[in-house]
Amino acid sequence: MNFAFSEEQDELRRIVRQFLDDKSSETAVREQMDTEAGYDAAVWSQMAEQLGLQGLIIPEEFGGSGYSYIELIVVLEEMGRSLLCAPYFSSVVLAGNTLLHSGDDAAKKAHLPGIASGETIAALALTEANGRWDEAGITATATASGDGYTIDGEKLFVLDGHTADLIIVAARTGKGVSLFTVAADAAGLTRTALSTMDQTRKQAKLTFAGTPATLLGTEGEGWTVLERVLDLAAVALAAEQVGGAQKVLDMSVEYAKVRVQFGRPIGSFQAIKHKCADMLLEVESSKSAAYYAGWCASELNDELPSVACLAKAYCSEAYFHCAAENIQIHGGIGFTWEHPAHLYFKRAKSSELLFGDPTYHRELLAQRIGL
């Protein structure tokens, strides 16, 4: 089997990297992470209108480009490399995939064109105060009311939940976990931005008090959809982590070449050589895991559930280790606020915990393969 990227995919990578080098420089990242919205609206529009990134995996019938998950992996790897501050992951990966796999054609027609054009920012509200990523962690309730439903409960750690125009909520009805769409200006909805360690990825707390909602898909079958979406999200995040890990490796190697100590570059010392060699091994292994998982996601084959867990667990640990070693190799300057090393370190740590930490995913993998 050949898992090399095609010429078109390599060209996509080149174009996206060129765009992000220009629009998501360290200066731009620092500017956006200090704002409440957490992204530049002009750049967000350019991503949609000039590059078509928001509609990449959305079918053409709903205003997208209809590309596969492999192209999405390429784009997310570059976004992870540049620490892009934008609601891309929440809108496209989480909400977009939920709509695509909901089986609700009316909802797809209503919401996917807006996501594809960049006009609609969407979010998925799943996790609650218990911090669980499984079905048992969903305790918010939805009650039938007239032609629709009302939701009561609280959702935490909602990516871009405070700026989203459309919110997809997981809540329980008498038939089990179900999915609902809620408008940002719905009555009884309170949105509060959270203070987070990783300031480049905004999160929010959403409180629902008799909030009107519309059923998405089939009542009681929400977890079947979410299970698939969480696997796809784990693969997407693994690709993003690969991009970040490669970037901190590049930073470390470059610094080891130019930093002189005791009359010679520090890269000539065995201890630094070993650190860089270990990082290279982890980065290349992460790429293998993430790229294979991306192929499984594009095929939606039987391997996806197990490979998604494997990729998320391995890439999380590899990225965090590489980000920490990057700080060590840079020495004193690596600990300063002015140096970008801490930005990658914080993103690595938050990504490690997002959708479940490596221990959770190894346990899930063991269950799925029958150990």
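Q: So a disulfide is a pair of cysteine sulfur atoms within 2.5 Å. How many does a search of the whole structure find?
A: Zero. Keep in mind that this is a predicted model, where local features need pLDDT of at least 70, side-chain atom pairs count only at pLDDT 80 or more, and totals for chains, interfaces and linings use all residues. Residues are numbered from 1 along each chain as its sequence is written, and side-chain values use heavy atoms, with hydrogens and water left out.

Q: Why no bond for Cys315?
A: Because the closest cysteine sulfur, in Cys322, is 10 Å from the sulfur of Cys315, too far for a bond.

Q: And why not for Cys309?
A: Cys309 has no partner in reach because its closest cysteine sulfur, in Cys296, is 12 Å away.

Q: Is Cys309 buried or exposed?
A: Buried, since its relative accessible area is 1%. Buried means under 20% relative accessible area, exposed means over 50%, and partly exposed is in between, using a 1.4 Å probe and protein chains only. Cys315 also counts as buried, at 2%.

Q: What does His361 touch?
A: Leaving aside neighbours within four places in sequence, His361 is in contact (heavy atoms within 4.5 Å) with Ala234, Cys309, Lys312, Ala313, Phe355 and Gly356.

Q: Where does His361 lie?
A: In helix H11, residues 358-368. Helices (H or I, at least four residues) and strands (E, at least two) are DSSP runs, numbered from the N terminus. His361 is buried at 5% relative accessible area, and a polar atom of its side chain lies 2.8 Å from the backbone oxygen of Phe355.

Q: New topic: which residues have the most contacts inside the largest nonpolar core?
A: Tyr69, Tyr88 and Phe89, in a core of 93 residues. Helix H7 (residues 222-258) gives the largest share of this core, 14 residues. A nonpolar core is a set of buried Ala, Val, Leu, Ile, Met, Phe, Trp, Tyr and Cys residues joined through side-chain atoms within 4.5 Å.

Q: What is Tyr88 in contact with?
A: Beyond its neighbours within four places in sequence, the contacts of Tyr88 include Trp44, Met47, Leu72 and Val93. Apart from that core lies another one, of 22 residues, among them Val248 and Ile329.

Q: How do the axes of H4 and H8 cross?
A: Helix H4 (residues 69-82) and helix H8 (residues 270-299) have axes that come within 8 Å and cross at roughly 145°. Axes are lines fitted to C-alpha atoms, for helices over the stretch in contact, and angles run from 0 to 180 degrees between N-to-C directions.

Q: Which residues of H4 meet H8?
A: Tyr69, Ile70, Ile73 and Glu77, and on the H8 side they meet Lys287, Tyr291, Gly294, Trp295, Ala297 and Ser298.

Q: Last one: where is Lys202 found?
A: In the loop between strand S6 (189-193) and strand S7 (203-216). Lys202 counts as buried, at 14% relative accessibility. Its side chain reaches the backbone oxygen of Met33 at 2.8 Å.

Q: How far is the C-alpha atom of Lys202 from that of Leu159?
A: They are separated by 5.9 Å, though the two residues are 43 residues apart along the chain.

Conventions: A polar contact is a pair of N or O atoms within 3.5 Å; within protein, one must be able to donate a hydrogen and the other to accept it, and residues adjacent in sequence count only if both atoms are side-chain atoms.
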